[in-house]
Amino acid sequence: MKNNIVENPKIIVIGSVNSSRKTLEKLIEHDLKVVAVLGLHPEDAKNVSGYCDLKELSEKAKIPFQYFSKVNDSTVVDFVKSKNPDLVFVVGLSQMIREELLEIPKYGLIGYHPTRLPEGRGRGAMAWIILGKAQGAASFFKMDEGMDSGSIWTQVNYDVDENDDATSVVRQILTAIDKALDSVLPDLKKGVFFTTPQDESKATYLGRRIPEDGLINWKDSAVEIHRLIRATTKPLPGAYTYLGTKKIIIWKASLSNVKNHLGCIGRILIADDNYGIHIQTGEGLLKLEIIEGVDINELKVGNTLGFNFEKEYFKLFERVRMIENQNINGNE
């Protein structure tokens with residue numbers, strides 16, 4: 001679907017993460033007319049993975065900037081209306097855009113998603129891509145009221161292999177955004193805006209992921225656990241386990257090349273300054289590389305990782321019974 005729009009249209013950018021910044025950088029690089037930027041306030045970014053404050057870049061480019069907490073608030077709507085934009089780019093924002101905001105720009109809103117739409121609509125896409133559940137792509141599309149369902153403007157694939165983790169995939173995403181926007185922004189400046197409807201018969205949806213989804217099940221194979229760690233490392237919340245009641249975040253691990261050790265699942269089989277920490281999984285050993293939450297010296301051969309609810313329940317039960325007995329003896 002080809003739309004001839006005004007040359008060098010007035011653009012507003014709304015976003016909160018690295019992909020938002022990259023998009024703004026490309027618009028500035030191609031000398032598009034960005035009339036305002038709205039960035040998520042730092043105080044509201046606690047649970048936003050890969051948060052990026054857009055204020056500094058906007059002010060450096062002398063573009064009017066305003067923070068927001070909820071994108072559909074009346075103050076945001078009024079600010080956008082005051083700029084009378086032709087297009088609004090909404091990139092790297094998990095909040096859904098409501099109809100009132102959708103209707104403001106003359107030629108619509110442009111959204112972004114890191115999968116090859118219509119495959120992989122929804123949230124938590126980067127982790128799902130590393131877990132092998134969707135094809136990665138920088139997809140820009142004209143937004144409608146659906147979830148990532150608008151017609152495609154530009155799309156550039158990137159491939160994820162067994163060596164990639166969330167950190168390296170972010171770099172691939174930014175490179176793909178570069179290529180995708182370089183392919184269309186010169187035409188947009190001339191007033192050419194071409195989009196292609198998505199094939200609804202091929203649409204798939206990814207369920208929302210939460211930090212608790214990073215809990216490691218040591219009964220899984222070393223390959224599966226390694227994939228989970230790669231899929232949830234920084235800038236995401238991380239995969240985690242427990243040593244007793246101490247939470248350990250595992251930011252990086254590798255598949256162990258040790259083949260002559262076998263032990264109980266979750267048990268540390270090797271803990272050595274030279275060879276590192278190796279743990280028995282449901283299939284194969286996993287070597288820990290970068291952890292957080294305990295000192296590496298606390299991980300010793302024979303320790304079992306993973307929260308044992310039954311064990312902790314009986315420890316708590318015995319502690320309560322001891323306190324009750326002390327109270328009884330104290331009252332005699």
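Two strands are said to pair when DSSP finds at least two bridges between them. With that idea in hand, the predicted model can be read strand by strand. Strand 12 (239-243) runs antiparallel to strand 13 (residues 246-255), and five bridges join the two. One example is easy to find: Tyr242 has Lys247 in strand 13 as its bridge partner.

This pair belongs to an open sheet of five strands, arranged in the order 12-13-16-15-14 with antiparallel pairing. Strand 12 and strand 14 (268-272) stand at the edges, and because each has a single partner strand, one side of each is left without a neighbour in the sheet. On average, and ignoring direction, neighbouring strands of the sheet are turned by 40 degrees against each other. Helix 7 (residues 222-232) packs on this sheet, where it touches strand 12, strand 13 and strand 16 (285-292). The direction of helix 7 makes about 110 degrees with that of strand 13. As general background, the strands of a sheet pair through backbone hydrogen bonds, in either a parallel or an antiparallel manner.

Attention now turns to charged side chains. The model contains ten salt bridges. One of them links Lys22 and Glu25, with a distance of 3.6 Å from N to O. Both residues sit in helix 1 (residues 18-29), three residues apart, which is about one turn of the helix. Lys22 is buried at 16% relative accessibility, whereas Glu25 is partly exposed at 27%.

Other salt bridges reach much further along the chain, as the next two pairs show. Lys26 and Asp182 meet at 2.9 Å, N to O. Lys26 lies in helix 1 and Asp182 in helix 6 (residues 166-189), so this pair ties together parts that are 156 residues apart in sequence. Lys26 is buried, with a relative accessible area of 3%, while Asp182 is partly exposed at 35%. Asp31 forms a salt bridge with Lys189, their closest N and O atoms being 3.4 Å apart. Here Asp31 comes from the loop between helix 1 and strand 3 (33-40), and Lys189 from helix 6, so parts that are 158 residues apart in sequence are tied together. Lys189 is partly exposed, with a relative accessible area of 29%. Through shared partners, salt bridges also join Arg21, Lys22, Glu25, Lys26, Glu29, Asp178 and Asp182 into one network.

Helix 6 appears again in the nonpolar interior. The largest nonpolar core has 46 residues, and those with the most contacts inside it are Phe89, Phe140, Trp153 and Leu188. Helix 6 supplies the largest share of this core, eleven residues. Phe140 gives a good view of the surroundings: leaving aside neighbours within four places in sequence, its contacts include Thr23, Val91, Ile110, Tyr112, Trp153, Ile177 and Leu181. A second, separate core of 21 residues includes Val35, Phe79, Ile97 and Leu102.

Finally, the cysteines deserve a brief look. A disulfide is a covalent bond between the sulfur atoms of two cysteines. A search of the whole structure finds zero disulfides. Cys52 is buried, with a relative accessible area of 12%, whereas Cys264 is partly exposed at 46%.

Technical notes. Residues numbered from 1 in each chain as written. Predicted model: local features only at pLDDT ≥ 70, side-chain atom pairs only at ≥ 80, totals over all residues. Heavy atoms only, no water. Disulfide = S-S within 2.5 Å. Buried < 20%, exposed > 50% of the residue type's maximum accessible area, 1.4 Å probe, protein only. Helix = DSSP H or I, 4+ residues; strand = E, 2+ residues; numbered from the N terminus. Axes fitted to C-alpha atoms, helices over the stretch in contact; angles between N-to-C directions. Contact = heavy atoms within 4.5 Å. Salt bridge = Lys/Arg side-chain N within 4 Å of Asp/Glu carboxyl O. Core = buried A, V, L, I, M, F, W, Y, C linked by side-chain atoms within 4.5 Å.
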